[in-house]
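Here are my notes on this one, as numbered points. Have the structure open while you read.

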Amino acid sequence: MKEVIKNIVKESIKKIYNIDTNPQIQLPKEESFGDFASNVAFLLSKPLKQKPQDIANNIADSLKNMPYFEKVEALNGFVNMKLSNSFYEKLLFDFLENPIDYLKDEAIFEAFGIKKEDKINLEYVSANPTGPLHLGHGRGAVIGDVLYRLFRFFDIKVDREYYINDAGNQVNLLTKSILHYIDKDKYPFPKDGYKGDYVKDLAEEFLKDHPSKENINFEELKDFAISKMMEDIKNTLKLLNIEFDTYFSERTLKDDVERVLKLLEEKNAIEEKEGAIWFKSKDEDKDRVLRKSDGSYTYFASDIAYHLNKYERGYKKAIDLWGADHHGYIPRLKSALEVLGIPSDWLSVELFQIVRLFKDGQEVKMSKRTGEMIKLQEVIEDLGADNLRFMFLTKKADTPLDIDINLVKAQNSENPVFYVQYAYARTMGIKRQLKEPFVFGFYKDNYTYEEEEIDLIKRILSSKDMLFDGIVKKDPSLVVKLSLDIAKSFHKFYNTHKVITQDETTTKKRISLVYATQKIFDIIFDILNIKAPEVM
RNA sequence: GUGUCUGUAGCUUAAUGGAUAAAGCGCAGGUCUCCGGAACCUGAGAUUGCGGGUUCGAAUCCCGCCAGACACGCCA
């Protein structure tokens, strides 16, 4: 949409001044300024040595007579454009002829800095297999999943990956904790060990197949625990309709880790001291340990190896989704990757902030059932997958999120999920009401539109820019915002105008609008991966 | 202490360096002889933490201060 306007303005400037520009098109703050505005006159002011207002006047004059615009005016140096209803109508029917084609945009590849054949790696969740998923993991999982669906919608090739930390200290610690519950006398509970009922459950389950408490094979127990935990994690993710293309095991990196150390050594980026091997960072004031004095590798070392591995698998870009508490770790990793010759914009790390749960104004921290940390699975069971998915995306990832249980269960417009789904249910209601000769679809014609109708059309058409932005900014919350915007416009339209009237032309016009609303919702719900309810 | 980030209506949040800072909740007042009122409309409410600077223009960029979160481990 913006792109269309941009090219029109660009052409016009070329005609007047014979120069190439890249005019910015923005949505004006105030409605009376029109539908689109450009500040291009300010930018041309210096090179042309003319007042912004004069330039804006010239541009406005040349745009005025075009059929796209109802009104073009130069105000305070801005060029304000109001599109004609007929132009909006044309775009609306373009959309209706083929919604998906209308929304897709080849320009996304360039905007995102890739070519069409390039593949992206999207890594998220990657929770340690040392316990069940909790609420925070859910947020990362849903953000990742919707991001994936957005990419896919625009035909960007992307693989979803889950990195399993099955090699380090933590899984050993889990195994030792289980051992303790197998034989309390023989194995003391380890320092910083894992508590919680699931550890005891793992011990009991292991004993089913291994009745003897003697001669327990540590590695066997560890494998057992990891596979059980991953099974549990996958089941929970499944409840949110989330799956992965690849589960990547840290253990398979052993050779890569050693290779990384050699490569870093060649670049003179490591140093041995106090029996350990350190990475000499240029970007940080502190050196970081890669290999501990006991000979084992740190998480940092395998993480470098893991990302090198991804890079060598041919991905043009890698996106990682991390909890915001890891933000200090980013410069370290990027710095090491740069030493290995991987450009710093290859990897982008998106952070998401913590999630808290509230009920009756009080934060809920512990599960009533078990007295432990609330498991993601419990929250899904309580609130429903669709509600939770939607709620996770009501704010930008980088903003802390509070979820109010009472709100999510409320059946009114304060509940954003309800508000949007109710709008959809209303479109279905209209569909059910239609009688001969009307059918639910669209009727192409030249109509005159009233304020609420044209507003709804604008909202629907704005989806193109909004989804585009969602990818460029890697911000899936824009999809939820879009759904709320459209729902609002639709409710207002619905409240002001009857769809089924005595007048045939008016009825056909409004059926077309309701139909368009439903079509865009179908697409949005599909990207969000939530159900579109026919009745509520 | 050092680093990163954040500070916007009473609350929760928006705002590619652009015009009179925008929504939702809350508050006050309204709207169907209604295709789903489970909805809609109107209004009041802001010195964008404080002080400087950069420029045609700053919530946004730079500097200083104040407040908060997070990170600073041979954990992951």
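1. The charged end of Arg160 sits over the ring of Tyr148, 4.0 Å from its centre. Lys234 does likewise with Tyr247, at 4.1 Å from the ring centre. "Over" here means NZ of Lys or CZ of Arg within 6 Å of the ring centre and within 35 degrees of the ring normal.

2. A word on the basis: this is a predicted model, with local features needing pLDDT of at least 70, side-chain atom pairs counting only at pLDDT 80 or more, and totals for chains, interfaces and linings using all residues. Residues are numbered from 1 along each chain as written, chains are lettered from A and ligands numbered from 1 in the order written, and side-chain values use heavy atoms, without hydrogens and water.

3. Phe248 and Tyr306 make a tilted aromatic pair, 5.0 Å centre to centre with 45° between the planes (centres within 6.5 Å; under 30 degrees is stacked, over 60 edge-to-face, the rest tilted). Both Phe248 and Tyr306 are buried, meaning under 20% relative accessible area with a 1.4 Å probe, protein chains only.

4. Trp322 and Tyr329 are buried too. They belong to one aromatic cluster with Phe279, Tyr299 and Phe300.

5. Now the RNA. Phe78, Lys286, Ser413, Tyr419 and Arg426 come nearest to strand B, out of 61 residues around it (a heavy atom within 4 Å). Of the strand B atoms within 4 Å of the protein, 59% belong to sugar or phosphate and the rest to bases.

6. For a specific contact, look at Ser413: one of its backbone N or O atoms is 2.2 Å from a phosphate oxygen of RNA strand B.

Definitions and conventions: Polar contact = N/O pair within 3.5 Å; in protein donor to acceptor, adjacent residues only side chain to side chain. Phe/Tyr/Trp six-rings, centres within 6.5 Å; stacked < 30°, edge-to-face > 60°. Buried < 20%, exposed > 50% of the residue type's maximum accessible area, 1.4 Å probe, protein only.
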